[in-house]
Amino acid sequence: MSSSFAPISAGSLTALPWEDFFQRREMINDEIPLYLQGSEGTVFLCLHGAGHSALSFASLAQEFKDTPVIIAAFDFRQHGDNI
């Protein structure tokens with residue numbers, strides 16, 4: 001097996017902070033995080049699938065940071081920062 005395809009242990013991974021990708025985070029009912037990028041334009045409401053979180057859309061938010069759109073992503077109950 002090539003060393004470039006060696007498995008990575010979960011303990012060796014470090015999560016990147018949400019601030020690296022989104023401009024702000026608001027709380028819905030003081031418990032559900034809503035991450036936002038942009039302040040005007042078309043709104044993209046990003047809904048993640050099972051086993052993921054709102055931060056699954058971090059790269060999308062970063063890609064559109066200089067365009068007139070709003071990227072909004074929230075964590076469903078028991079996902080991401082809503083555990």
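W18 has a relative accessibility of 16% in this predicted model. The cut-off for a buried residue is under 20%. W18 therefore counts as buried.

The partners of W18 come next. A search of the whole structure finds three aromatic pairs. In one of them, the ring centres of W18 and Y35 lie 5.8 Å apart. Their planes meet at 55°, so the pair is tilted. W18 sits in the segment before strand 1 (24-28), whereas Y35 belongs to strand 2 (residues 32-37). The pair therefore ties together parts that are 17 residues apart in sequence. Y35 is buried too, because its relative accessibility is 0%.

Y35 also pairs with F22. Here the ring centres are 5.5 Å apart and the planes stand at 40°, so this pair is tilted. Distant parts of the chain are again linked: F22 lies in the segment before strand 1, Y35 in strand 2, and 13 residues separate them. F22 has a relative accessibility of 3% and so counts as buried. Through these ring pairs, W18, F22 and Y35 form a cluster.

The sheet was examined next. Four strands make up an open sheet. Their order is 1-2-4-3, and the pairing is mixed. Strand 1 and strand 3 are the edge strands, each pairing on one side only. From one strand to the next, the twist averages 25°.

Two pairings illustrate the mixed character of the sheet. Strand 1 runs antiparallel to strand 2, with five bridges between them. Within this pairing, E26 has L34 in strand 2 as its bridge partner. Strand 3 (residues 42-46) and strand 4 (residues 69-74), by contrast, pair in the parallel sense, also over five bridges. F44 is bridged to I71 in strand 4. Between strand 3 and strand 4 the chain passes through helix 1 (residues 58-63). This β-α-β crossover is right-handed.

Nonpolar side chains tend to be buried together in soluble globular proteins. In this model, the largest nonpolar core has twelve residues. The ring cluster contributes W18, F22 and Y35. F21, C46, A54, F57, A58, A61, V69, I71 and A73 are also members. Helix 1 and strand 4 are the elements that give two or more residues to this core. Strand 4 gives the most, with three residues. Another core, of six residues, lies apart from it. Among its members are I32, L36, A72 and F74. A58, a member of the largest core, touches F21 and F22, leaving aside residues up to four places away in sequence.

F74 was then considered in detail. This residue lies in strand 4. With a relative accessibility of 19%, F74 counts as buried, because the cut-off is under 20%. F74 and I32 are 42 residues apart along the chain, yet their C-alpha atoms are separated by 7.0 Å. Contacts of F74 include I32, P33 and L34. L45, C46, L47, H48 and A54 are touched as well, with residues up to four places away in sequence not counted. Of these partners, I32 belongs to the six-residue core together with F74, whereas C46 and A54 are members of the largest core.

Conventions
Residues are numbered from 1 along each chain as its sequence is written. This is a predicted model: local features need pLDDT of at least 70, side-chain atom pairs count only at pLDDT 80 or more; totals for chains, interfaces and linings use all residues. Side-chain values use heavy atoms; hydrogens and water are left out. Two strands pair if DSSP finds at least two bridges between them. A crossover is right-handed if, with the strands pointing away from the viewer, the path from the first strand over the helix to the second runs clockwise. Buried means under 20% relative accessible area, exposed over 50%, partly exposed in between (1.4 Å probe, protein chains only). Contact means heavy atoms within 4.5 Å. A nonpolar core is a set of buried Ala, Val, Leu, Ile, Met, Phe, Trp, Tyr and Cys residues joined through side-chain atoms within 4.5 Å. Rings of Phe, Tyr and Trp (its six-membered ring) pair if their centres lie within 6.5 Å; planes under 30 degrees apart count as stacked, over 60 as edge-to-face and the rest as tilted. Axes are lines fitted to C-alpha atoms, for helices over the stretch in contact, and angles run from 0 to 180 degrees between N-to-C directions.
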